[in-house]
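Please walk through the structure below, following its strands, the helices that connect them and the aromatic rings.

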Amino acid sequence: MIKADLTGALSFAGDFAPVLDEAKQTLARLLAGSAGVDGTGWLKLPEQMSAVVPAVMSAAQRICADSQVLVVIGIGGSYLGARAAIDFIQSVHYNALKKNTPDVYFVGNNLSGEHLEQVIALIGNRDFSVNYISKSGSTLEPASAFRVFKKRLTDKYGSKGAASRIYVTTDAEKGKLRALTDREGYTSFVIPDDVGGRYSVLTPVGLLPAAVADIDIAAMLDGARDIMENGQDEAARYAALRQALYRAGRKIELLVGFEPSLVSTGEWWKQLFGESEGKNGLGIFPASAQFTTDLHSLGQYIQDGERTLFETFVSAEVPRGTITVIADEALEDGLAPLAGESFSKLNDAARQGTKQAHIDGGVPVIELRLPSYTAYDFGMLVQFFELSCGVSALMTGVNPFDQPGVEAYKKNLYAILGLQK
């Protein structure tokens with residue numbers, strides 16, 4: 001289970017007890033469906049998606065059998081969760097490793113022609129399939145990328161062969177992509193109506209790419225179910241302390257991991273909290289960092305800059321990696337006493353030392369401790385953050401499940417390009 005250590009932040013939060021009571025009451029309303037908001041279907045995903053696992057696994061096995069590459073086309077919640085899962089559970093170097101599963105490339109999350117060209121070059125002459133993820137099928141970034149890869153599939157395999165290699169994750173009934181999918185006979189999976197993109201990691205949006213990367217998606221769902229059954233109090237405590245710090249003037253939260261495998265999780269987390277809370281001139285600004293790397297860039301500001309931020313550390317009790325410091329008497333670098341010690345021990349010492357230094361410098365530090373870095377743990381972390389985010393946003397006084405501000409740039413962009421939105 002995830003353990004939320006609040007001791008490094010409570011002294012900065014004022015009277016915490018009434019805020020915690022408010023968080024628990026808000027959580028109860030959210031779970032009971034009486035919070036006055038739509039879009040809460042993600043609460044049921046750990047149970048509901050178990051029925052979808054066999055179909056997802058079947059599709060993943062077909063992709064693995066006939067493709068050396070899977071191209072995932074999507075933006076925002078349509079790709080961040082899957083990328084986070086692969087990096088967290090497998091490796092940030094997944095595509096570079098020798099393995100029996102396809103490389104997974106993510107496109108359609110920007111408008112860079114260079115990026116598309118580079119992915120095409122990386123694919124080369126290898127066999128590939130496409131997973132196009134979009135509720136509407138008309139969002140510019142993924143829709144334009146899909147045109148590129150649909151043509152490449154058709155040129156390589158013919159129309160029928162291309163159709164057999166296109167896997168679509170979209171709305172059950174409506175939208176341009178649903179109409180195209182039904183017309184062309186693509187294999188498809190459904191994004192539930194009451195689940196927004198940033199809450200969709202545990203739907204086929206995240207499950208299919210994860211399964212292709214040989215991730216145990218059933219274990220991911222089991223971890224999420226564990227949070228719903230045993231981790232609600234911890235999620236409410238985290239949400240409450242975030243709100244107490246926000247009300248005390250802490251406007252920025254920095255999510256910190258001490259492993260590179262957590263960088264993409266930070267990217268998903270930023271969308272989850274930023275798009276859920278940042279409305280009506282309100283909300284904590286979500287940022288992320290990777291320590292110790294960023295201690296040599298952001299570290300000075302965190303230690304001595306304006307006191308408007310707080311940190312949430314994410315780490316695991318059981319680390320990965322067994323490499324140790326090498327003994328070499330010829331090196332006069334002062335590290336001789338560390339010979340034989342694991343890098344994991346060094347990293348944990350850095351975590352402890354950084355936490356204390358930042359608290360001493362006036363930065364509140366919340367710490368979330370996972371058991372390990374498995375599929376089960378990732379599922380727990382996803383559900384934990386989603387639950388905390390829903391509660392925290394409701395306490396802020398905004399709807400956690402809409403995103404009206406996202407459309408502003410789209411209207412201008414479409415107008416400049418002469419397109420109808």
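A convenient place to start is a right-handed β-α-β unit made of strand β4, helix α6 (residues 140–164) and strand β5. The model is a predicted one. Within this unit, β4 (residues 128–133) and β5 run parallel and are joined by four bridges. One position to look for is Ile 133, which stands opposite Thr 169 in β5.

From β5 the chain goes on through helix α7 (residues 176–184) to strand β6, and this β-α-β crossover is right-handed. Here too the strands run parallel, with four bridges joining β5 to β6 (residues 187–190). Across this pairing, Val 168 stands opposite Ser 188 in β6. Strand β5 is thus paired with β4 and with β6.

How many of the five residues of β5 are buried? Five of the five residues, 166–170, are buried, so β5 is largely enclosed by the rest of the structure. In a regular strand, side chains alternate between the two faces of the sheet. In β5, Ile 166, Val 168 and Thr 170 point one way, while Tyr 167 and Thr 169 point the other way. All of these residues are buried, whichever way they point.

Strand β3 (residues 103–107) can be read in a similar manner. It is mostly covered, with five of its five residues buried. Asp 103, Tyr 105 and Val 107 point one way from β3, and Val 104 and Phe 106 point the other way. Every one of them is buried, including Asp 103. The partner strand is β2 (residues 69–73), which pairs with β3 in the parallel sense over five bridges. In this pairing Val 72 stands opposite Phe 106. With helix α4 (residues 80–90) in between, β2 and β3 make another β-α-β unit, and this unit is right-handed.

The next topic is the aromatic rings. Counting ring centres within 6.5 Å as a pair, the model holds 19 aromatic pairs. One of them is formed by Phe 88 and Tyr 373, with 5.4 Å from centre to centre and 65° between the planes, an edge-to-face arrangement. Phe 88 lies in helix α4, whereas Tyr 373 is in the loop between β10 (365–370) and α14 (375–396), so that this pair links distant parts of the chain, 285 residues apart. Both Phe 88 and Tyr 373 are buried.

Another pair is Tyr 238 with Phe 385. The ring centres are 6.0 Å apart and the planes meet at 55°, so the pair is tilted. Because Tyr 238 lies in helix α10 (residues 232–247) and Phe 385 in helix α14, the pair ties together parts that are 147 residues apart in sequence. Are these two residues buried or exposed? Tyr 238 counts as buried because its relative accessibility is 0%. Phe 385 is buried as well, with a relative accessible area of 0%. Both residues belong to one aromatic cluster, together with Trp 268, Trp 269, Phe 273 and Phe 384.

Rings also meet charged side chains in this model. Lys 99 lies over the face of Tyr 94, at 4.7 Å from the ring centre. The charged end of Arg 165 sits over the ring of Tyr 157, 4.0 Å from its centre.

Definitions and conventions
Residues are numbered from 1 along each chain as its sequence is written. This is a predicted model: local features need pLDDT of at least 70, side-chain atom pairs count only at pLDDT 80 or more; totals for chains, interfaces and linings use all residues. Side-chain values use heavy atoms; hydrogens and water are left out. Buried means under 20% relative accessible area, exposed over 50%, partly exposed in between (1.4 Å probe, protein chains only). Helices (H or I, at least four residues) and strands (E, at least two) are DSSP runs, numbered from the N terminus. Two strands pair if DSSP finds at least two bridges between them. A crossover is right-handed if, with the strands pointing away from the viewer, the path from the first strand over the helix to the second runs clockwise. Rings of Phe, Tyr and Trp (its six-membered ring) pair if their centres lie within 6.5 Å; planes under 30 degrees apart count as stacked, over 60 as edge-to-face and the rest as tilted. A charge sits over a ring if NZ of Lys or CZ of Arg is within 6 Å of the ring centre and within 35 degrees of the ring normal.
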